[in-house]
Amino acid sequence: MQILEANNKNILDAAAEINNGGLCAFPTETVYGLGANGLDAEAVAKIFEAKERPTFNPLILHIADIDTLNQIAKIENDKVYELIEKFWPGPLTLVLPRKEIVPGIVTAGNPTVAVRMPNHPVALELIKNTGVPIAAPSANKFGMLSPTEAKHVAKQLGKVEGLILDGGKCTVGIESTIIHVEQKGFKLLRHGGLSINELEIITGKLEKKTEISERPIAPGMLAYHYSPKIPVIFFDGHPTNMKILPDESGALYFRNDPSEYNFKSVKILSETGNFYEAAANLFSKLHQFEEEEVNRIYVERLPETGLGVAIMDRLTKASKKFGSTK
Ligand code: TXA
Ligand code: MG
């Protein structure tokens with residue numbers, strides 16, 4: 001994939017690429033997406049191939065206007081309009097009953113479709129210029145770190161045919177919050193860039209679907225996900241009780257470095273303890289550890305309030321990949 005500056009001309013070229021059945025990675029406020037024409041099953045198949053993603057995992061359709069929402073999904077719960085009014089464009093994905101026009105490969109055969117209006121001028125321009133909803137998962141190999149900069153996409157998907165629109169660093173930095181819309185209520189499928197405290201003002205108390213199955217409703221529900229290539233381990237109890245090899249390891253702290261060890265590399269998510277800043281930095285710091293080739297990443301737990309819940313969800317899943325239970 002070739003990185004192009006996200007100027008008007010390149011956005012038009014990228015839209016043409018998508019309309020021709022090709023792939024284009026583009027920035028959103030959450031993470032970079034790997035986009036294809038969401039109404040073209042063959043084009044969408046290329047996304048699964050590029051990501052090496054199992055086809056039982058459905059994709060989000062990205063839209064730029066409410067007319068398109070009505071073409072692809074049914075709204076049978078009036079509170080959806082309140083959610084849209086308040087949170088779109090933004091980091092909220094709604095899973096709604098689908099309409100026939102949506103290809104089965106997008107929904108993985110489910111009777112529902114996930115839809116989101118991203119809050120990023122490049123994404124919105126791109127979608128408007130294609131005139132179709134854009135199917136886009138995060139632009140990473142399946143199960144690996146999500147990309148929050150164009151170069152992260154090139155690192156994992158460099159060999160794939162297509163374009164990468166470079167719109168700088170994503171401001172939210174973690175994926176959208178996903179909720180399943182039922183006729184009478186809502187269920188939480190994935191914690192993300194919109195904290196559920198804000199959502200619950202409209203939806204009422206959100207219960208999380210917790211079952212982990214062969215065919216999870218959202219891959220964010222798989223036991224591991226969002227993983228760097230190196231083991232992630234939580235600092236638990238006093239670090240001297242753990243077999244820490246600081247010289248070769250990295251450490252990721254929330255707000256400050258207690259400087260107890262000589263880690264090869266130390267990173268801080270937010271010196272002021274701001275969850276928004278921490279979320280925006282999370283994946284880029286983990287990508288940096290990969291580039292520095294540390295052999296382990298020790299991470300400090302964050303308080304699980306507000307966006308801290310979504311950040312801890314990503315870190316916990318990352319820690320599962322290499323069998324660490326902590
Ligand atoms: O912020 C985001 O959501 C980013 C940007 C690019 O928009 N996208 C993203 O896509 O994170 P992806 O594919 O990495 O995660 C989408 C999640 C998956 O866990 C998928 O299973 C779930 O959405 N999903 C999609 N369609 C669904 C459906 N019909 N029912 C339940 N879950 C669905
Ligand atoms: Mg993803």
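**Exercise 1.** In which helix is Ser284 found? Work out, too, whether Ser284 is buried or exposed.

*Solution.* Keep in mind that this is a predicted model.
- Step one: look along residues 275-292, which make up helix α9; Ser284 is found there.
- Step two: check the relative accessible area of Ser284, which is 3%. Buried means under 20%, so Ser284 counts as buried.
- Step three: see what Ser284 touches. Leaving out residues up to four places away in sequence, the contacts are Thr148, Glu149, His152 and Lys169.

**Exercise 2.** Find the strands that pair with β13 and say in which sense they run.

*Solution.*
- Step one: start with β14 (residues 265-268). This strand runs parallel to β13, and 4 bridges join the two. One to look up is Gly250, whose bridge partner in β14 is Ser265.
- Step two: move to β15 (residues 297-299), which pairs with β13 over 3 bridges, again in the parallel sense. Here Ala251 stands opposite Tyr298, while Leu252 faces Val299.

**Exercise 3.** Put the strands of the open sheet in order, then see what covers them.

*Solution.*
- Step one: the order is β12-β15-β13-β14, 4 strands with parallel pairing.
- Step two: find the edges. β12 (232-234) and β14 each have a single partner strand, so one side of each lacks a neighbour in the sheet.
- Step three: add the helices. α9 lies across β13, β14 and β15, at about 175 degrees to β14. Helix α10 (residues 308-320) also packs on the sheet and touches β12, β13 and β15.
- Step four: check β13 (residues 250-253). Gly250 and Leu252 on one side are buried, and so are Ala251 and Tyr253 on the other, leaving both faces covered.

Conventions:
Residues numbered from 1 in each chain as written. Chains lettered and ligands numbered in written order. Predicted model: local features only at pLDDT ≥ 70, side-chain atom pairs only at ≥ 80, totals over all residues. Heavy atoms only, no water. Buried < 20%, exposed > 50% of the residue type's maximum accessible area, 1.4 Å probe, protein only. Contact = heavy atoms within 4.5 Å. Pairing = 2+ DSSP bridges. Axes fitted to C-alpha atoms, helices over the stretch in contact; angles between N-to-C directions.
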